[in-house]
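Welcome! Here is a short guided tour for anyone meeting this structure for the first time. Take a look at the sequence and the model, then read on.

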Amino acid sequence: MNKVMLIGNVGVEPEVRYVDQGVAVARVRLATTERGYTLANGTQVPDRTDWHTVLLWRRLAEVVEKYVHKGDKLYIEGRIRYTTYDDKQGQRRYATEIWAENMEMLSPRSAAPAAEGTVASAAGESAASDETAAPQTAGEPVNSESAPF
């Protein structure tokens with residue numbers, strides 16, 4: 001099973017592009033932080049922040065384009081993908097990405113209009129509610145029912 005769940009903050013404004021036949025793709029840099037702690041012997045272990053590249057497709061990308069900004073808190077559920085590519089100098093590069101299947105906006109302020117509903121899928125469908133979704137005041141949950149491609 002390939003399953004990733006992250007809660008973190010958007011580090012920079014999301015990049016949204018449109019590829020073949022108008023399919024939206026969003027790239028979000030998400031920072032997750034493990035809180036520091038103190039060991040029994042008094043040694044301090046500092047906070048540790050990891051940065052993740054998250055790709056969102058179709059309807060999820062359109063929602064990101066409209067409502068997600070730097071500093072927003074997101075819950076991302078998806079799968080990890082490893083890719084390789086050659087840069088402009090011909091060097092082989094490796095990238096680790098999270099391909100999002102579900103997203104929930106956790107920031108207290110929600111710029112999403114009420115007419116959009118509380119749940120949307122990557123296929124563009126709407127549903128009235130989701131039992132696993134956070135309360136409306138926590139943000140707008142967004143779900144994808146199918147894989148990005």
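## A first look

Strand β7 (residues 73–86) and strand β8 run antiparallel and are joined by 13 bridges. Please keep in mind that this is a predicted model. The chain's secondary structure amounts to eleven strands and one helix, and in sequence order the pattern reads β-β-β-β-β-β-α-β-β-β-β-β.

**How strand β8 is paired**

- One end of the pairing between β7 and β8 is easy to look up: Asp-86 has Arg-92, in β8, as its bridge partner.
- The hairpin of β7 and β8 has five residues between the strands, and Gly-90 takes a positive phi there, near 85°.
- Strand β8 (residues 92–105) also pairs with strand β6 (residues 48–57); these two run parallel, and three bridges join them.
- For Thr-53, the bridge partner in β8 is Glu-97.

**The nonpolar cores**

- The largest nonpolar core has 21 residues, and those touching the most other members are Val-54, Leu-56, Leu-74, Ile-76 and Met-103.
- Two or more residues of this core come from each of β1 (4–10), β3 (23–34), β6, α1 (58–67), β7 and β8.
- Which element gives the largest share of this core? That is α1, with five residues.
- Another core, of five residues, lies apart from the largest one, and its members include Val-23, Val-25, Leu-55 and Trp-99.
- Across the chain of 149 residues, 39% count as buried.

**Two tryptophans and an arginine**

- How many aromatic pairs does a search of the whole structure find? The search finds one.
- The partners are Trp-57 and Trp-99, in a tilted arrangement with 5.3 Å from centre to centre and 50° between the planes.
- Because Trp-57 is in strand β6 and Trp-99 is in strand β8, the pair ties together parts that are 42 residues apart in sequence.
- Are these two residues, Trp-57 and Trp-99, buried or exposed? Both are buried.
- Trp-99 has a further neighbour in Arg-81, which lies over the face of the ring at 4.1 Å from its centre.

**Contacts between distant parts of the sequence**

- Counting contacts between residues at least 6 apart in sequence, 62% join residues at least 24 apart.
- Ile-7, in strand β1, offers an example: its C-alpha atom is separated by 5.7 Å from that of Leu-74, although the two residues are 67 residues apart along the chain.
- Leaving out residues up to four places away in sequence, Ile-7 touches Thr-32, Lys-73, Leu-74, Tyr-75 and Leu-106.
- Gly-11 sits in the loop between β1 and β2 (15–19).
- Gly-11 counts as buried because its relative accessibility is 17%, where the cut-off for buried is under 20%.
- From Gly-11 to Ala-31, 20 residues apart along the chain, the separation of the C-alpha atoms is 6.3 Å.
- Gly-11 touches Arg-29, Trp-51 and Lys-70, again setting aside residues up to four places away in sequence.

**Backbone angles to look at**

- As background, most residues other than glycine have a negative phi.
- Gln-21 is not a glycine, yet its phi is positive, at about 55°.
- Gln-21 is placed in the loop between β2 and β3, and with a relative accessible area of 84% this residue is exposed.
- Arg-58 is also a residue other than glycine with a positive phi, near 50°.
- Where is Arg-58 found? Arg-58 is in helix α1, and its relative accessible area of 30% makes it partly exposed.

**How confident the prediction is**

- The average pLDDT over the chain is 79, and 73% of the residues score at least 70.
- Residues 111–149 have a pLDDT below 50, and in the model this stretch has 80 contacts beyond near neighbours in sequence.

Methods:
Residues are numbered from 1 along each chain as its sequence is written. This is a predicted model: local features need pLDDT of at least 70, side-chain atom pairs count only at pLDDT 80 or more; totals for chains, interfaces and linings use all residues. Side-chain values use heavy atoms; hydrogens and water are left out. Two strands pair if DSSP finds at least two bridges between them. Helices (H or I, at least four residues) and strands (E, at least two) are DSSP runs, numbered from the N terminus. A nonpolar core is a set of buried Ala, Val, Leu, Ile, Met, Phe, Trp, Tyr and Cys residues joined through side-chain atoms within 4.5 Å. Buried means under 20% relative accessible area, exposed over 50%, partly exposed in between (1.4 Å probe, protein chains only). Rings of Phe, Tyr and Trp (its six-membered ring) pair if their centres lie within 6.5 Å; planes under 30 degrees apart count as stacked, over 60 as edge-to-face and the rest as tilted. A charge sits over a ring if NZ of Lys or CZ of Arg is within 6 Å of the ring centre and within 35 degrees of the ring normal. pLDDT is the predictor's confidence in each residue, from 0 to 100. Contact means heavy atoms within 4.5 Å.
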